[in-house]
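The exercises below ask you to read a structure step by step, and each one is followed by a worked solution. Try each task on your own before you turn to its solution.

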Amino acid sequence: MSNFLQYTVFGIMLGAGYAIAATGLVVTYTTSGVFNFAQGAVGMIAAFCYWELVVASGLPVLAALAVILLVGAPLSGLVVERVLMRRLHGSTAERPVMVTLGLTVILTGLATIVWSPSTQRTVESMVSGQFGLFGINIQYQEVLLIGVAAVVAVALRILFHSTRLGHGLRAVTDDPQLLAMAGASPNRMSQYGWMLGLALAALSGVLLAPTQATGISIEAVTLLVVNGYAAAIVGRLRNIPVTFAAAIGIGLAENYVINYLLPHLPQNLQPDITVALPMVFLFIALVTVPSVRLRAVGRLTTARAPRVIGGRESLVAGVAFFAVAAVLGAAFNNTPFDGTTILSLGGVVMSLGIVALSLVLVIGYSGQITLCQFAFMGIGAFVMGKTAGGGSLLGLLAATVLCAVVGGLIALPTIRLRDLYLALATFAFADAVATGFFPDSHVYGSGGVSIGRIVLPGISFGGDASEFLMVTFFFVLSAWLVLAIRRSYFGRRLVALNDSPAAFATVGLNIGATKVVVFAVGAAMAGLAGALYGTVQGVVGTTDFDFFSGLMFVLFVTIWSVRTVTGAFLAALTYVVLNQVSPNWVGLFAGVGIILIGRAANGILGIEVLRVPLPWTKATSETMSGEPASLLGVGTGGESRAAG
Amino acid sequence: MTDAPRSAPPEEPRPSGVTHQLPPGVIVNGLRAAYGRIEVLHGVDLEVPPGSVFCLLGPNGAGKSTLLKAMSGRLRPTAGSVLVGGGPIGRTSTEKLARAGMCAIPEGRGVFPNLTVRENLSIWTYRGGTSLKEVEERTYAAFPRLRERRSQLAGTLSGGEQQMLAISRALVTMPRLLLLDELSMGLAPLIVDQLYDLVGTLASDGMTVLLVEQFVTTALDVASHAAIMVHGRIDRVGTPRQMADAAFGAYLS
């Protein structure tokens with residue numbers, strides 16, 4: 001009994017920490033319509049700043065808190081709203097997701113550079129000591145956290161319901177233009193929302209840091225705050241009391257699972273489950289709680305989709321691409337480079353290119369935001385390694401088929417989710433797989449899985465060049481497949497689904513089936529890519545399919561252009577090249593790139609000045625493609641007028 | 001319903017300076033505006049005299065609401081200018097125009113549905129010059145029904161009550177220029193009459209009013225001037241009587 005009470009108190013304390021982070025999310029979302037994926041990263045930065053100020057520099061606790069919560073976090077909120085978010089008004093739904101993910105990548109990247117992960121950093125409780133009550137020991141730190149959460153809850157309640165500022169903050173959700181017509185600035189309200197939201201993220205990070213007994217780590221603190229995401233979803237992104245209750249419930253559930261359920265499970269699974277728990281909660285919340293109608297109801301089709309490449313044209317381009325690859329293969333056969341070979345890197349580019357193509361299909365054409373292609377890739381590579389000795393065409397087939405099945409299964413519970421919710425669900429799945437499944441000793445463990453080279457009777461893929469060409473062949477095949485899908489009847493269905501799910505359903509098309517098929521095809525492509533990646537690398541492990549790398553890769557594709565094959569190839573190429581230069585550059589390119597490209601829906605390749613007509617482009621296709629998309633989304637004005 | 005809304009008895013204190021100034025006139029010159037690539041206003045020229053109640057009629061899609069959007073800073077015109085009280089509004093933001101005395105009430109319900117009536121009224125005080133207490137007093141005096149509903153979410157009010165709440169912004173913030181978009185939309189004729197009575201009273205207290213309607217309604221009874229807008233241009237201008245007669249012909253063209 002006393003154990004139960006002890007766990008309960010600790011669970012409530014954890015929940016209180018999550019609640020603070022979750023209300024921050026709700027505040028930001030209601031005032032600006034942006035779900036801040038970077039909330040966890042902001043909490044993490046705050047925790048490390050607190051360590052830096054208090055432990056490393058010896059500043060008094062209160063002074064450090066004042067600097068972080070009253071100056072640092074609000075100021076960051078101000079800058080983030082003004083510089084990053086305001087430009088996104090009226091853009092497609094994936095943009096805010098991508099930009100806040102970019103922010104996450106930048107913040108974790110910076111943290112890795114500033115606070116080297118090899119040093120242990122322990123944050124002590126702000127208040128020490130404990131007291132006995134009903135036969136259990138209660139830490140003052142626990143009381144402090146629960147107390148702060150209660151104060152935050154009451155203060156927010158008063159702010160939102162009894163002050164004019166609070167009314168304004170709520171009014172901006174309803175109708176920003178009307179608020180402006182009443183004489184208040186909607187942008188100012190969003191700014192306040194971001195300042196408050198980030199301050200709450202920082203507060204939760206600082207308060208939760210001492211619960212990490214073995215010291216704070218960048219990933220762990222970031223994910224601690226992610227627990228708040230599930231609570232915010234349960235609160236339907238607007239109801240603060242429900243969010244609070246859900247957060248406490250999650251804290252309790254987590255602590256009970258860890259203390260009661262885990263000891264009965266196999267030893268090797270325990271750490272995996274502990275790490276994956278927040279994401280499991282988030283996934284459950286997403287598929288069970290009825291989703292709210294998202295704020296951006298209509299969608300401005302400001303940027304036109306790039307021209308669809310015709311069948312003959314894609315055939316010619318594919319053959320030309322393969323010919324160039326063959327020439328390069330002959331020229332660089334078995335050329336060592338930086339510990340590997342040039343063509344092995346080339347094979348990595350091609351296999352990642354296939355993953356990028358799957359993103360073109362799922363995000364670019366169908367508008368379903370998926371963040372879990374690297375998880376499918378890892379599953380594909382694992383299946384490849386375990387099938388028929390790890391180096392056969394059968395393995396490729398098994399990887400492709402199994403990933404198609406898993407992709408379809410993931411799509412089933414998420415059928416009714418779209419935009420932000422789908423992004424969150426795939427985010428949760430990706431992280432749960434990367435942190436809970438891959439590191440398991442039966443999967444990749446610490447040693448990884450070795451994958452042999454494919455052997456076919458009569459043809460040897462053993463050589464450097466032949467293997468490179470095989471992967472290139474699969475890349476070209478995938479590109480043809482994706483383009484053929486886009487040109488087909490099914491492709492038009494995908495575009496229709498992206499444009500208006502409501503209209504799609506009204507004309508009698510099946511949203512669910514379409515989504516499951518597109519997800520399964522996308523997952524199959526990623527699985528195939530993973531298997532090919534494995535044969536090129538020889539040995540693959542958890543680090544190859546890391547969660548953050550997956551996020552960064554999605555950003556790369558978005559930066560170049562998530563709607564074109566060229567964009568997919570360039571994304572894979574730059575990703576591999578930058579990774580070879582320095583992994584730090586990858587995060588920098590992903591984060592800064594997505595912020596600079598902002599709301600341009602067609603990425604770098606969509607920018608007008610770069611759209612040079614290709615020599616084989618037929619003149620007649622001009623009328624099909626229409627005018628190039630305008631970056632600003634505003635018509636050019638005077639010239640093209642319909643006569644009244 | 002009180003028969004004479006006590007919007008502004010002469011003895012009541014007003015925001016300084018307002019009583020001694022004439023309400024502003026509005027001049028629209030060659031205004032063009034577009035949504036993306038689609039131009040909606042093809043060069044609108046319009047003159048609203050100071051202190052007038054100007055009724056702009058026009059069929060669905062004529063560009064009336066777009067004109068009001070462009071005049072209130074919600075839509076950036078592509079060409080032409082809008083002068084209020086002799087000065088161009090240029091790129092002034094909607095909230096600055098509101099604080100300078102322009103009150104635009106949009107089509108549909110100009111209220112925040114997820115805020116209570118009282119919280120809506122508290123938003124009206126962002127314009128400056130009044131306290132929530134004053135705003136509540138004046139609103140409830142004109143619309144006693146809103147007093148009963150003050151703790152109710154505005155989204156749960158009837159259409160007429162929502163429109164009363166919307167127009168209370170014009171009543172309590174003492175604007176000098178009122179832009180009203182389809183006040184009558186979806187309302188019972190009796191309520192429309194009441195609301196237009198109120199508009200008439202507001203205008204006689206020294207306010208320029210530009211109101212937009214799709215059909216010939218009681219709006220013309222309170223109007224001093226009228227115009228018909230068709231296909232993004234002003235088709236003809238005249239007295240309310242003339243325009244009422246001309247309207248049907250113009251719509252069919």
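## Exercise 1: A strand and its two faces

Both faces of strand 7 of chain B are covered, since B:L177, B:L179 and B:D181 on one side and B:L178 and B:L180 on the other are all buried. This is a predicted model, in which local features need pLDDT of at least 70 and side-chain atom pairs count only at pLDDT 80 or more, while totals for chains, interfaces and linings use all residues. Residues are numbered from 1 along each chain as its sequence is written, and chains are lettered from A and ligands numbered from 1 in the order in which they are written.

**Task.** Explain why strand 7 of chain B counts as largely enclosed, and find which strands pair with strand 7 of chain B.

**Solution.** Begin with the terms: a residue is buried if 20 or more other C-beta atoms lie within 10 Å of its own, exposed if 12 or fewer, and partly exposed in between, with C-beta atoms placed from the backbone. Helices (H or I, at least four residues) and strands (E, at least two) are DSSP runs, numbered from the N terminus.

Next, apply the first term: 5 of the 5 residues of strand 7 (residues 177-181) of chain B are buried, so this strand is largely enclosed by the rest of the structure. The division into two sides fits a general pattern, for in a regular strand the side chains alternate between the two faces of the sheet.

Finally, look for the partners, remembering that two strands pair if DSSP finds at least two bridges between them. Strand 6 (residues 102-105) of chain B pairs with strand 7 of chain B in the parallel sense over 4 bridges, and B:A104 stands opposite B:L179. Strand 8 (residues 208-213) of chain B is also parallel to strand 7 of chain B, with 5 bridges between them, and here B:L179 stands opposite B:L210.

## Exercise 2: The next strand along

**Task.** Decide whether the residues of strand 8 of chain B are buried or exposed, and find the residue of strand 3 of chain B that stands opposite B:L210.

**Solution.** Count first: 6 of the 6 residues of strand 8 of chain B are buried, so this strand too is largely enclosed by the rest of the structure. Then separate the directions, with B:T208, B:L210 and B:V212 pointing one way and B:V209, B:L211 and B:E213 the other way. Strand 3 (residues 53-57) of chain B pairs with strand 8 of chain B in the parallel sense over 5 bridges, and the residue opposite B:L210 is B:F54.

## Exercise 3: An antiparallel sheet

**Task.** What is the strand order of the open sheet of 4 strands in chain B, and which are its edge strands?

**Solution.** The order is 2-1-4-5, with antiparallel pairing. The edge strands are strand 2 and strand 5 (87-88) of chain B, each of which pairs on one side only. Within this sheet, strand 1 (residues 26-35) and strand 2 of chain B run antiparallel and are joined by 8 bridges, and B:R32 has B:H42 in strand 2 of chain B as its bridge partner.

## Exercise 4: Two helix pairs in chain A

**Task.** Describe how helix 6 of chain A packs with helix 8 of chain A, and then how helix 2 of chain A packs with helix 3 of chain A.

**Solution.** Axes are lines fitted to C-alpha atoms, for helices over the stretch in contact, and angles run from 0 to 180 degrees between N-to-C directions. Helix 6 (residues 164-174) and helix 8 (residues 186-208) of chain A pack at an angle of about 110°, with their axes 9 Å apart. Angles under 35 degrees count as roughly parallel, over 145 as roughly antiparallel, 65 to 115 as roughly perpendicular and the rest as oblique, and helix 6 and helix 8 of chain A are therefore roughly perpendicular to each other.

For the second pair, the axes of helix 2 (residues 39-56) and helix 3 (residues 61-85) of chain A come within 9 Å and cross at roughly 140°. The contact (C-beta atoms, placed from the backbone, within 7 Å) includes A:A46, A:C49 and A:Y50 of helix 2 of chain A and A:V61 and A:A64 of helix 3 of chain A.

The loop between helix 2 and helix 3 of chain A holds A:L59, which is partly exposed, with 16 other C-beta atoms within 10 Å. Not counting residues up to four places away in sequence, A:L59 touches A:L53, A:V54 and A:A64.

Conventions: Contact = placed C-beta atoms within 7 Å.
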